[in-house]
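Me: I would like to go through this structure by question and answer, taking one part of the fold at a time. Please keep each answer tied to what can be read from the model.

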Amino acid sequence: MDAISVEKVTKKYGDNEVLRGVDLKIAEGEFYALMGPNGSGKTTLASIIVSVRSPSSGKIEIYGKKPENAKELIGYIPQENFSSPILTGKENLMYFAGLLGYSKNAAEEIVNELLNKIGLSEDANKRVSNYSGGMRKRLEIATALFPGVKILILDEPTTGLDPSARRRFLGLIQELRKEMTTVLLITHIGADAELASKVGLIDEGKIIAEDEPEGLKKASGLKDVINIETSIKSEKVAKMLSKFSEKKMVMETDVGYRVYCEEVEKAIPEIVRSLDVIGCKATKIETEKPSLEDVFFKLTEKMVREVS
Amino acid sequence: MGQVKATLDKTIKEFLRQKTILFWTIAWPILWVLIGSFSFVKNVPSEVVSYTRGAIAISMSAFALMTAGMANLPGNIAQDRERGLLSKLMSMPINPWRDFVGRILALLAFSCLAAFLVTLVGFVCGARFSYSFVGLLQSIGFLLLISLASAGIGMLIGTFVKNVHGAIMSGVGIAVVTAAISGVMTPYSYLPLLLQQFASVYPISSSSSFITFLLVGEEYAGYNPLSAGQTTLTILSSLLLFFGGLVAYSRFCWRKE
């Protein structure tokens, strides 16, 4: 039986159709990443699965039950930091234990266990306002790890975390997978989605591709990607670089561009020369294997993340 | 440990640990008890001063209950919604009514504490009351009505004003303005006729007048509210506000989009 089954789900707000017939099946124990840009409908889909929103049409089942009858099986972590900053970490978890009906002694026991599991035992009695972003996120994950939860749904959990907090957080998710918890990770970060056993790419309310991360990359036909850091970024530079890509595919990044071309070795010296001609210097140039964000760009010609 | 107790514990801790809440609900009314007790008693006969101070302590206790219900409760609701806690709760096997009962019990407990501290400061400043046991019980009932009516207004604010700051400031604004124009903070007899009519319809000022009448006397309440019509109106309008707020909260805050 599938842990999560979504069939032809649509969601409309007035004339705005946010989800357009989404089909999704997540097997028990699977780590599924749903990746797409802001506004693609991924958070709406997650909130329908956890019965915070209702679909306009379609069918959703959690282990064969309607979502509202399967709430005890789901641990949902919304995008926002929902823990109370003026309570301690332990008080926050005791609150959730109380909501779930644990007696005081049982709650104490299980909360101490959870704090240990997420590595916050020593900071349990500190107010959450004194926690780092990573510590707070781990605490919030713990609210979804009470016994009985079989599916963990995480909405953009690593947004705003520094690299080391992000690594630690993702390590925790990998640990949880060993306990056969089904994980649905909502993200716009390709590197986070790479950790999943299956990735669905969502755009404009539709899942446009779905496979294992390597399968998606293979199917995209993308070869190596040239990653260039440039002294200036302009339309002129982008246009020039696009000449080196068969399908005129150039993605702007924070520090320069990513160029998708067939013959990387041959293209690099020519790119450097051409940039020189238009008065732009390549400060760093390297080839990389394509990422899931590149695959998304190839399929939609849109970037998953906005360039700052 | 049930859902009600979990929500009660969390909410009361949040009330007690936020300086803004402590200021508006406890420190501000106490400040006015101190100012009123020592600044507005010049040329007042000494036998009247202690009862005037009693009336001021009652007014400020009523004001403390107003800010607790109208500002603290909506601030707490808006905060939980803004930081995604309501979404998280909606995804859990939780009964919304138990969440609501927990919040209201926390509000009532905190309101009792605030009213007690304000009255205690009044006592220390020389406030005196003359009451019977029955009058005291009736007064507690009217304090409860002030809390319920304030909570009703608070739930309406918390439901419709989405922003935390906006919810708190709206509540404080409504509490201050209505307290000023309805005779909670100013003597009823000083009000123009139109505002006197409002004061007798507005359940909070009406309850406050009942308490002043029962614990201090008619001359301090400004009128004798103890009629069947006025009592019924006060009880019904308090309950109407409370249940109106409750319906809005349960329909709109916990509603699936």
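Me: Across which strands of chain A does helix 1 (residues 42-49) lie?

Reply: This is a predicted model, and the answer should be read in that light. Strand 1, strand 2 and strand 4 of chain A form an open sheet of 3 strands with antiparallel pairing, in the order 2-1-4. Helix 1 of chain A runs at about 120° to strand 1 of chain A, and the strands across which the helix lies are strand 1, strand 2 and strand 4.

Me: Which are the edge strands of the open sheet with the order 2-1-4 in chain A?

Reply: In the order 2-1-4, an edge strand is one that pairs on one side only. Strand 1 (residues 2-13) of chain A is joined to strand 2 of chain A by 9 bridges in the antiparallel sense, with A:V9 standing opposite A:V22 in strand 2. The edge strands are strand 2 (16-27) and strand 4 (57-62) of chain A.

Me: What are the domains assigned to chain A, and what distance separates their centres?

Reply: The domain assignment of chain A gives domain 1 as 2-217 and domain 2 as 223-289. Taken over C-alpha atoms, the centres of domain 1 and domain 2 of chain A are separated by 37 Å.

Me: Which residue stands opposite A:Y257 in strand 12 of chain A, and is that strand mostly covered or uncovered?

Reply: Strand 12 (residues 256-260) of chain A is mostly covered, since 5 of its 5 residues are buried. Strand 10 (residues 225-230) of chain A pairs with strand 12 of chain A in the antiparallel sense over 5 bridges. The residue standing opposite A:Y257 is A:I228.

Me: How many residues make the hairpin that joins strand 11 of chain A to strand 12 of chain A?

Reply: Strand 11 (residues 250-252) and strand 12 of chain A run antiparallel and are joined by 3 bridges, and A:M251 stands opposite A:R258 in strand 12. The hairpin joins strand 11 to strand 12 of chain A through 3 residues.

Me: Are helix 3 and helix 6 of chain B roughly parallel or antiparallel to each other, and is their crossing left-handed or right-handed?

Reply: The axes of helix 3 (residues 46-82) and helix 6 (residues 133-160) of chain B come within 8 Å and cross at roughly 30°. Angles under 35 degrees count as roughly parallel, and helix 3 and helix 6 of chain B are therefore roughly parallel to each other. The contact is made by residues including B:L65, B:G69 and B:L73 of helix 3 and B:I146, B:S150 and B:G154 of helix 6 of chain B. The crossing of helix 3 and helix 6 of chain B is right-handed.

Key
Residues numbered from 1 in each chain as written. Chains lettered and ligands numbered in written order. Predicted model: local features only at pLDDT ≥ 70, side-chain atom pairs only at ≥ 80, totals over all residues. Buried ≥ 20, exposed ≤ 12 C-beta atoms within 10 Å, placed from the backbone. Helix = DSSP H or I, 4+ residues; strand = E, 2+ residues; numbered from the N terminus. Pairing = 2+ DSSP bridges. Domains from an automatic or database assignment. Contact = placed C-beta atoms within 7 Å. Axes fitted to C-alpha atoms, helices over the stretch in contact; angles between N-to-C directions. Parallel < 35°, antiparallel > 145°, perpendicular 65-115°, else oblique. Left-handed = near helix turned anticlockwise from the far one by under 90°.
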